[in-house]
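Biologist: Could you walk me through this one, please? I would like to hear the reasoning behind each label.

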Amino acid sequence: MRVTDRIYIVGSLQLGISGRWDSHVYLVSGPDGLVMIDAGGGTDGMRILENIRHEGFDPADIKAILLTHNHFDHSCGAAELREITGCEVYLSWRSKEMLETGSAEDAGLDLAIEHGVYPPDFRYQNCTVDVAVHDSDLIEVAGLRFRAIEVDGHSPDSICYLIDIDGSRNLFAGDVLFYGGVIGLINAPGSNMDGYRKDLKKLAGLNVDGLFPGHMLFTVKDGQAHIDAAIEQCSKGSIPQTVGSCGAIF
């Protein structure tokens with residue numbers, strides 16, 4: 001699904017274009033290849049690749065997958081896609097070891113299954129992480145340049161990726177925040193308001209046009225307004241509107 005001249009959505013449960021356990025999976029077209037943002041849950045990788053072909057691209061041109069964080073609906077598809085395309089996988093230094101060698105229990109899949117978020121047969125899939133990402137890293141790949149911004153809150157390893165493309169500034173926000181200023185605070189280990197209070201202000205003043213979160217609506221214009229709304233809500237004395245209170249179904 002083409003969103004702009006250079007940005008596509010090639011996987012998503014909510015848009016009905018890939019598997020039941022897939023976040024939004026974005027594709028960015030650069031002068032020297034393709035970059036994916038997130039990889040889905042690993043149950044429907046072949047359909048994601050077919051979607052890429054449908055948009056007129058060759059999956060062999062994928063140079064990198066930038067993972068926003070190591071939650072299953074974003075990262076468990078990385079291993080298959082890396083094996084098929086030969087691309088490099090980027091992930092926060094905080095969760096590199098967990099994705100590479102951690103067990104399903106270490107990663108908290110047992111708790112997620114207990115809460116009914118995932119079915120009992122869902123598998124945690126380890127994947128080599130080629131590049132460990134740190135705050136403020138500049139990632140140059142496929143002729144594109146992304147800036148990594150660590151934002152604790154939804155998860156300790158959450159990374160937003162900022163990129164200027166053809167005069168538009170775009171933020172791939174993962175599950176840090178969503179359209180309307182909704183934040184990604186959830187009932188899971190490592191998700192906390194302290195992180196939001198500490199880090200969300202890093203996204204202030206960026207003049208973001210396109211805001212591309214991991215679920216629900218995205219926008220190609222005035223994305224900063226949604227970011228600013230989240231920052232304002234997190235500065236108040238009450239809990240902001242969170243993804244769970246919106247009734248979102250992933």
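Modeller: Happily! The model is predicted, and a good place to start is V133, which lies in strand 6.

Biologist: What makes V133 count as buried or exposed?

Modeller: The cut-off for buried is under 20% relative accessible area. V133 has 1% relative accessibility, so V133 counts as buried.

Biologist: Which residues is V133 in contact with, leaving aside its neighbours within four places in sequence?

Modeller: With contact meaning heavy atoms within 4.5 Å, the list is Y90, L91, S92, W93, I139, A148, E150, I159 and Y161. L217 is 84 residues from V133 along the chain, and their C-alpha atoms are separated by 26 Å.

Biologist: Why is one side of strand 6 left without a neighbour in the sheet?

Modeller: Let's take the sheet itself to begin with. It is open, has 6 strands in the order 1-2-3-4-5-6, and its pairing is mixed. Strand 1 (7–11) and strand 6 (131–133) stand at the edges and each has a single partner strand, so each has one side with no neighbour in the sheet. On average, neighbouring strands here are turned by 25° against each other, direction ignored.

Biologist: How do you know that strand 3 and strand 4 pair?

Modeller: Pairing needs at least two bridges. Strand 3 (residues 33–37) and strand 4 (residues 62–66) are joined by 4 bridges and run parallel, so they meet that definition. Within this pair, V35 stands opposite A64 in strand 4.

Biologist: Which strands does helix 1 touch as it packs on the sheet?

Modeller: Helix 1 touches strand 1, strand 2 (25–30), strand 3 and strand 4, and its direction makes about 145° with that of strand 1. Helix 3 packs on the sheet too, touching strand 3, strand 4 and strand 5 (88–92), with its direction at about 165° to that of strand 4.

Biologist: Why are helix 1 and helix 3 called oblique to each other?

Modeller: The axes of helix 1 (residues 45–54) and helix 3 (residues 78–85) come within 10 Å and cross at roughly 50°. Angles under 35 degrees count as roughly parallel, and roughly perpendicular begins at 65. The crossing angle fits neither class, and the two helices are therefore oblique to each other. As for handedness, helix 1 passes helix 3 in a right-handed crossing.

Biologist: Which residues meet where helix 1 and helix 3 touch?

Modeller: From helix 1 there are G45, M46 and L49, and from helix 3 there are E80, L81, I84 and T85. By class, this contact has 4 nonpolar, 2 polar and 1 charged residues.

Biologist: What makes A78 a buried residue?

Modeller: A78 has its place in helix 3. Its relative accessibility is 0%, so A78 counts as buried against the cut-off of under 20%. Leaving aside neighbours within four places in sequence, A78 is in contact with A39, I65, L67, V89 and C127. A78 and D38 are 40 residues apart in sequence, yet 7.7 Å apart in space, C-alpha to C-alpha.

Biologist: Which residues of helix 3 are buried, and what do they pack against?

Modeller: The buried ones are A78, A79, L81 and T85. They pack against strand 3, helix 1, strand 4, helix 2 (72–75) and strand 5. Just after helix 3, G86 takes a positive phi of about 75°.

Notes:
Residues numbered from 1 in each chain as written. Predicted model: local features only at pLDDT ≥ 70, side-chain atom pairs only at ≥ 80, totals over all residues. Heavy atoms only, no water. Axes fitted to C-alpha atoms, helices over the stretch in contact; angles between N-to-C directions. Parallel < 35°, antiparallel > 145°, perpendicular 65-115°, else oblique. Left-handed = near helix turned anticlockwise from the far one by under 90°. Nonpolar A, V, L, I, M, F, W, Y, C, P; charged D, E, K, R; others polar. Buried < 20%, exposed > 50% of the residue type's maximum accessible area, 1.4 Å probe, protein only.
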